[in-house]
Amino acid sequence: MVTLAIDTSAAVAVALVTADGTTLATQSVNERRRHAEQLTPMIEEVLAAAGLTSADVTGIAVGTGPAPFTGLRIGLVTAQTFGLALDVPVWGVPSIDVLAAQAVDELRLHPGDEVFAVSDARRREVYWARYLVVGPQAAVVRVAGPAVDKAADAITAWLRSDAEMPGARMVIVGEGAVLYPGALPLTTGAPRVPDPAMLARIAVARAKAGVEQPTTPLYLRRPDIHEKQPKQ
């Protein structure tokens with residue numbers, strides 16, 4: 001089994017991952033305005049790098065955001081189109097969940113630790129979600145969000161009202177923290193954008209557990225461009 005992972009919530013990123021979680025090939029481009037031009041060639045390039053063809057793909061994982069409208073839509077449409085063409089399942093995973101799962105691995109977090117993931121929502125805002133680490137192998141549970149707020153307001157969601165576990169860590173991850181360090185200080189060594197390989201691993205694990213994975217996009221607000229309304 002080989003999963004093709006696609007994420008356009010931040011960078012344009014793709015990966016090919018085997019059933020045991022091995023990354024065969026991955027590629028990303030920090031391009032926020034030319035998703036359509038970048039994505040399909042990148043998919044072809046990772047397939048070639050892995051020595052595979054589209055016929056070898058048995059499932060597709062796609063990031064569902066939250067993210068701005070246009071880039072996210074292109075990733076979702078591309079994943080759904082490939083899924084239909086190849087007759088394979090398409091699994092949607094919130095991209096912000098991927099950030100939290102990466103933090104468990106990259107920061108060596110333990111059960112009881114917490115992750116506050118923040119990504120760029122533009123308009124001087126961030127998308128955020130709060131997670132509790134519940135086990136090894138990047139196991140997290142979302143306990144609040146996702147939502148969109150001004151950076152200074154989002155940090156209030158990070159404040160704990162319950163008693164902290166002795167020795168528990170609280171970390172902030174994601175490029176939202178890079179953009180607004182005064183309000184959201186990025187934890188040293190924290191991931192900044194979703195890793196498509198982690199996206200694939202989460203999708204496969206959830207599929208095996210029978211978890212429903214809709215590809216409904218998480219826009220959280222209306223697009224920047226609206227259709228003109230007819231005059232009355």
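**Note on the predicted model: two sheets, their helices and a pocket**

1. Five strands make up an open sheet, ordered β3-β2-β1-β4-β5, and their pairing is mixed. The two edge strands, each paired on one side only, are β3 (23-29) and β5 (90-93). From one strand to the next the twist averages 15°. The model is predicted, and this applies to every point below.

2. Within this sheet, β2 (residues 12-18) and β3 run antiparallel and are joined by six bridges. Two positions help to locate the pairing. A13 has S28 of β3 as its bridge partner, and A15 stands opposite T26, also in β3. The hairpin of β2 and β3 has four residues between the strands, and there G21 takes a positive phi near 95°.

3. A helix packs on the five-stranded sheet: α2 (residues 69-86) touches β1 (2-7), β4 (59-63) and β5. The direction of α2 makes about 170° with that of β4. The loop between β4 and α2 contains P66. The peptide bond leading from G65 to P66 is cis, with an omega near 5°.

4. There is also an open sheet of four strands, with the order β8-β7-β6-β9 and mixed pairing. Its edges are β8 and β9 (170-173), each of which pairs on one side only. Here the twist averages 20° from one strand to the next.

5. In the four-stranded sheet, nine bridges connect β7 (residues 125-135) with β8, and these two strands run antiparallel. E125 has K150 of β8 as its bridge partner, while V133 stands opposite V140 in β8. Three residues lie between the strands in the hairpin of β7 and β8, where Q137 takes a positive phi near 55°.

6. Some backbone values deserve a check by eye. As background, most residues other than glycine have a negative phi, and most peptide bonds are trans. R122 is a residue other than glycine with a positive phi, near 60°, and its place is in strand β6. A cis peptide bond, with omega about 5°, joins G145 and P146. P146 belongs to strand β8.

7. Which strands does α3 lie across? The helix lies across β6 (114-122), β7, β8 and β9. Relative to β7, α3 runs at about 45°.

8. The same helix also meets α6. The axes of α3 and α6 are 9 Å apart, and the helices pack at an angle of about 100°. α3 is therefore roughly perpendicular to α6, since angles from 65 to 115 degrees count as such. On the α3 side the contact is made by D97, V98, A101, Q102 and D105, and on the α6 side by M198, L199, I202 and R206. By class, the residues of this contact are five nonpolar, one polar and three charged.

9. How much space lies in the largest pocket? The computed value is about 420 Å³. The lining of this pocket consists of 22 residues, and those nearest its centre are Q137, A138, R201, I202 and A205. Two of these names have appeared above: Q137 in the hairpin of β7 and β8, and I202 in the contact of α3 with α6.

10. Which elements give two or more residues to the lining of the largest pocket? They are β2, α3 (95-106), β8 (139-150) and α6 (196-208). Of the contributors, α6 gives the most, with eight residues. Sorted by class, the lining holds twelve nonpolar, four polar and six charged residues.

11. To tie the points together, the pocket lining draws on β2 as well as on β8. β2 is a strand of the five-stranded sheet, and β8 is an edge strand of the four-stranded one. Two helices also give two or more residues to the lining, α3 and α6, and these pack against each other at about 100°.

Notes. Residues numbered from 1 in each chain as written. Predicted model: local features only at pLDDT ≥ 70, side-chain atom pairs only at ≥ 80, totals over all residues. Heavy atoms only, no water. Pairing = 2+ DSSP bridges. Axes fitted to C-alpha atoms, helices over the stretch in contact; angles between N-to-C directions. Contact = heavy atoms within 4.5 Å. 1 Å grid on protein atoms, 1.4 Å probe; cavity = no way out; pocket = protein on both sides within 12 Å on 5 of 7 lines; lining within 4 Å. Points joined across faces, edges and corners; volume = space filled by probe spheres on them. Nonpolar A, V, L, I, M, F, W, Y, C, P; charged D, E, K, R; others polar. Parallel < 35°, antiparallel > 145°, perpendicular 65-115°, else oblique.
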